[in-house]
Amino acid sequence: MTRENTHGFYLGQVRFSGIGGYPEKMLSQLLEMGITLRGVRVKGGVIKGTVSPMDYYTVAETARKNGVKLRAGKRRGLYFTLMRYQRRVGLYVGALMFGIILSVNQSRVAEIHIEGNAPRGQVLKILEDCGITEGADRAGLKTYKAERELMLGIENCAWADVSCTGCRVTVHLETGVPLPEMEDNSAPRNLVAARDAVVVRRTVRSGASAVEVGSGVQEGGLLVSGVVETSSIVLNGSETGNVLFVRADAEIIGEFTETQEFFVPYNETLHIPDGEQTRYKSLVFEDDIYPLYFGRAYKENAVYSEETAIVSIFGAEMPFKIKTGIYTEYRDADITRTDDDCVKELRRLKSDYEQNFYKDYDIINVTEKFLPESDGIRLILDYTLQGDIAIPADFEINVKSVAQPTESESSPEPSDIR
């Protein structure tokens, strides 16, 4: 016999068996009292079933009144686990302190989350001026003031919202999107050289080429002209032609050289983030964060990292997590290098420089010169590079006023094109 009520079974359950007496009468009395029983069987004068720990003593008393000798069997559940640790006062004190810390920190700001493309440092400074910092009392937050100050302080800020949910302050910023600069594809232009180079290849799509392959050009020199003269023809005994102004378009590949220099000392003091660590733990439940510390979680001259751990109790995974914010202080370390160490560091600097500054060029050749000095090794690099050296340059067209011809003048003054 079973009932749908599950009262008490979330704490655990006790299996029991009884013999003798009046088990049917005992069962009827238990059901009248509203006691929940599971898996009850009565056979051959023996009654078996399962009851919650909260109702077991009522079952035992009812069995005694009806002459049934009751024996408790297998016990399992949270109730019996807690009973096993009932003498461990520290466990309960820790749970009590945990609850107190949660209740205290629920009234404090644990985290400031910023959404938007505004500078984080500037936003935090404005919030701090408005009294909104980590560890601040939630009851005194002036969110409306912070929104006004953000609108005034953030450049091109179109909308600002500051809200507090749980222990998290969320700042949402929207900045106006500047209109993209529209390039006038119809305006005439020239192409000039971005640097001194020797032209090794050229592909002219529009305009008149002003250089030949193999010729040298100086920075700012004309490569492709936007002034194109049409073919001249003889009409009525006179030679005529037209001048067109076009938008020069071409790919001019030039070869040029550059020299770079790097130096690595034998002895150097480096700031290494491997010093003392300070940890701040927080309880994360869904989107809310509850700090398990007092004050502000911040350390100067340190690098920040985070760790998140899943919490499980008695093998069951809990719906919350523990986040640990770690501030590792920088430590000054004196480094002593050998010649090989210096060479390796120089090659690393060379590789980083090429990836950052020469990614748009082809490196044709590079000559390395290692120069040992008293306090370190210097590396001089002579690069031979190839790449597109053409950059646009607008030009103006000025037409001089043309005077009316007189009897002594046979033709007007020509236009001046620059």
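Q: In this predicted model, what percentage of the contacts in the chain with a separation of 6 or more comes from residues 24 or more positions apart?
A: Let's begin with the whole chain, which has seven helices and 26 strands. Contacts with a separation of 6 or more are the ones counted here, and we ask for the part that joins residues 24 or more positions apart. That part is 65%.

Q: What percentage of the residues in the chain is buried?
A: A residue counts as buried when its relative accessible area is under 20%. The chain has 418 residues, and the buried ones make up 30%.

Q: How many aromatic pairs does a search of the whole structure find, and which type is the pair of Y56 and Y57?
A: The search finds ten aromatic pairs. In the pair of Y56 and Y57, the ring centres are 6.0 Å apart and the planes meet at 70 degrees. Planes over 60 degrees apart count as edge-to-face, so the type of this pair is edge-to-face.

Q: Is Y57 buried or exposed?
A: Its neighbour Y56 has 16% relative accessibility, so Y56 counts as buried. For Y57, the relative accessible area is 62%. Over 50% counts as exposed, so Y57 is exposed.

Q: Where do the buried residues of helix α2 lie around the helix?
A: Helix α2 covers residues 53-65, and its buried residues are P53, D55, Y56, V59, T62 and A63. Viewed down the axis, they fall within an arc of 140 degrees. On the other side of α2, Y57, R64 and K65 are exposed. The buried residues therefore line one face of the helix.

Q: What distance separates the C-alpha atoms of D55 and G34?
A: D55 is found in helix α2, and its relative accessible area of 10% makes D55 buried. Along the chain, D55 and G34 are 21 residues apart. Their C-alpha atoms are separated by 9.9 Å.

Q: Which residue with a positive phi follows α2?
A: After the helix comes a residue whose phi is near 75 degrees. That residue is G67.

Q: Why do the buried residues of helix α6 sit on the same side?
A: Helix α6 spans residues 143-153, and its buried residues are T143, A146, E147 and L150. The face turned away from this buried side carries the exposed residues Y144, R148 and L152. What covers the buried residues includes α5, β6 and β7. The buried residues share a side because the arc they cover around the axis is only 100 degrees.

Q: Which residue forms an edge-to-face pair with F256?
A: F256 is buried, with a relative accessible area of 4%. The two rings are 5.4 Å apart, centre to centre, with 85 degrees between their planes. The partner of F256 is Y361.

Q: How many residues apart in sequence are the parts that the pair of F256 and Y361 ties together?
A: F256 lies in strand β17, residues 249-265. Y361 lies in the loop between α7 and β24, and with 23% relative accessibility Y361 counts as partly exposed. The pair therefore ties together parts whose separation in sequence is 105 residues.

Q: Which residue has its charged end over the ring of F256?
A: This charged end sits 4.3 Å from the centre of the ring. It belongs to R195.

Q: Which strands are the edge strands of the open sheet of five strands?
A: The order of the sheet is β11-β9-β17-β25-β24, with antiparallel pairing. An edge strand pairs on one side only. The edge strands are β11 and β24.

Q: Which residue in β17 stands opposite V198?
A: Strand β9 covers residues 197-206 and runs antiparallel to β17, with seven bridges joining the two. Opposite V198, in β17, stands E255.

Q: Which residue has its backbone nitrogen 2.7 Å from a polar atom of the side chain of N190?
A: N190 has its place in strand β8 and is buried, with a relative accessible area of 14%. Among the residues that N190 touches are L222, V224, A248 and F395. The backbone nitrogen at 2.7 Å is that of G226.

Notes: Residues numbered from 1 in each chain as written. Predicted model: local features only at pLDDT ≥ 70, side-chain atom pairs only at ≥ 80, totals over all residues. Heavy atoms only, no water. Phe/Tyr/Trp six-rings, centres within 6.5 Å; stacked < 30°, edge-to-face > 60°. Buried < 20%, exposed > 50% of the residue type's maximum accessible area, 1.4 Å probe, protein only. Helix = DSSP H or I, 4+ residues; strand = E, 2+ residues; numbered from the N terminus. Lys NZ or Arg CZ within 6 Å of the ring centre and 35° of its normal. Arc of directions from axis to C-beta. Contact = heavy atoms within 4.5 Å. Polar contact = N/O pair within 3.5 Å; in protein donor to acceptor, adjacent residues only side chain to side chain. Pairing = 2+ DSSP bridges. Lists of a residue's contacts leave out its neighbours within four places in sequence.
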